[in-house]
Amino acid sequence: MPTWSTFLWAFLVGGAICAVGQILMDSTRMTPGHVMSILVVAGAVADGLGLYDPLIKFAGAGATVPITSFGNALVHGAMLEARTHGWIGVITGIFEVTSAGISAAIVFAFLAAMFAKPKG
């Protein structure tokens, strides 16, 4: 049963990740795409170093919802499948773990393109 501290830590950790992204956009000339790429790579590096799983255990949704979790999922899937299937597992593991998110992004982008009017 979650306690109030579970929600508090999820809020603080998730908010801190988002605040880092906002600070990068406000204090530099980086575009949102650059910041998103940096956060995905940071999540991937943190998982590669074994630091992201303890963060997920500590913060729950505060660590699994932000974009850093996508980098974590990429590396986590690749490393897991590489152990069982070798080098080909690196490629298949990336897609196995993230396929639902990638598929959802494609479907929703298509739907948005069908019903939204482009500017310019």
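**Notebook: a buried glutamate, a ring pair and a nonpolar patch**

I started with Glu-81, which lies in helix H5, residues 68–85. A reminder to myself before going on: this is a predicted model.

Which side chain of opposite charge is nearest to Glu-81? I found Arg-83, but 9.3 Å away. Glu-81 is buried and yet has no salt bridge. I then listed what Glu-81 touches, leaving out residues up to four places away in sequence: Gly-86, Gly-89, Thr-92, Gly-93 and Glu-96.

Staying in helix H5, I looked up Asn-72. Is Asn-72 buried or exposed? Its relative accessible area is 6%, under the 20% cut-off, so I noted Asn-72 as buried. With residues up to four places away in sequence set aside, Asn-72 touches Gly-43, Ala-44, Asp-47, Tyr-52, Asp-53 and Ile-56.

Next, the aromatic rings. I found that the structure holds one aromatic pair. The partners are Trp-9 and Phe-58, with ring centres 4.9 Å apart and planes at 50 degrees. Why do I call the pair tilted? Because the angle of 50 degrees falls between the limits of 30 degrees for stacked and 60 for edge-to-face. The pair links distant parts of the chain: Trp-9 sits in helix H1 (residues 4–27) and Phe-58 in helix H3 (residues 52–59), 49 residues apart.

I also checked how much of each partner is accessible. Trp-9 has a relative accessible area of 38%, so I put it down as partly exposed. Phe-58 comes out at 44%, so partly exposed goes next to its name too.

Ala-59, also in helix H3, was my next stop. Here the relative accessible area is 3%, so Ala-59 is buried. Which residues does Ala-59 contact, apart from its neighbours within four places in sequence? I got Trp-9, Ala-10 and Val-13. For Trp-9 I looked up the backbone as well: its C-alpha atom and that of Ala-59 are separated by 5.4 Å, although the two residues are 50 apart along the chain.

Last, the surface. I noted a nonpolar patch formed by Met-36, Ile-67, Phe-70, Ile-88, Ile-91, Phe-95, Ile-102 and Ile-106. Together these residues have about 740 Å² of accessible area. Which helix gives the most to the nonpolar patch? That is helix H6, residues 87–115, with five residues. Ile-91 is one patch member that I located in helix H6.

Methods
Residues are numbered from 1 along each chain as its sequence is written. This is a predicted model: local features need pLDDT of at least 70, side-chain atom pairs count only at pLDDT 80 or more; totals for chains, interfaces and linings use all residues. Side-chain values use heavy atoms; hydrogens and water are left out. Helices (H or I, at least four residues) and strands (E, at least two) are DSSP runs, numbered from the N terminus. Buried means under 20% relative accessible area, exposed over 50%, partly exposed in between (1.4 Å probe, protein chains only). Lys and Arg count as positive and Asp and Glu as negative; His and the chain ends are not counted. A salt bridge is a side-chain nitrogen of Lys or Arg within 4 Å of a carboxyl oxygen of Asp or Glu. Contact means heavy atoms within 4.5 Å. Rings of Phe, Tyr and Trp (its six-membered ring) pair if their centres lie within 6.5 Å; planes under 30 degrees apart count as stacked, over 60 as edge-to-face and the rest as tilted. Patches are made of residues with over 30% relative accessible area and no salt bridge: like charges are joined within 9 Å, nonpolar side chains (Val, Leu, Ile, Met, Phe, Trp, Tyr) within 5 Å. Accessible areas come from the Shrake-Rupley method with a 1.4 Å probe; for residues, only the protein chains shown count as cover.
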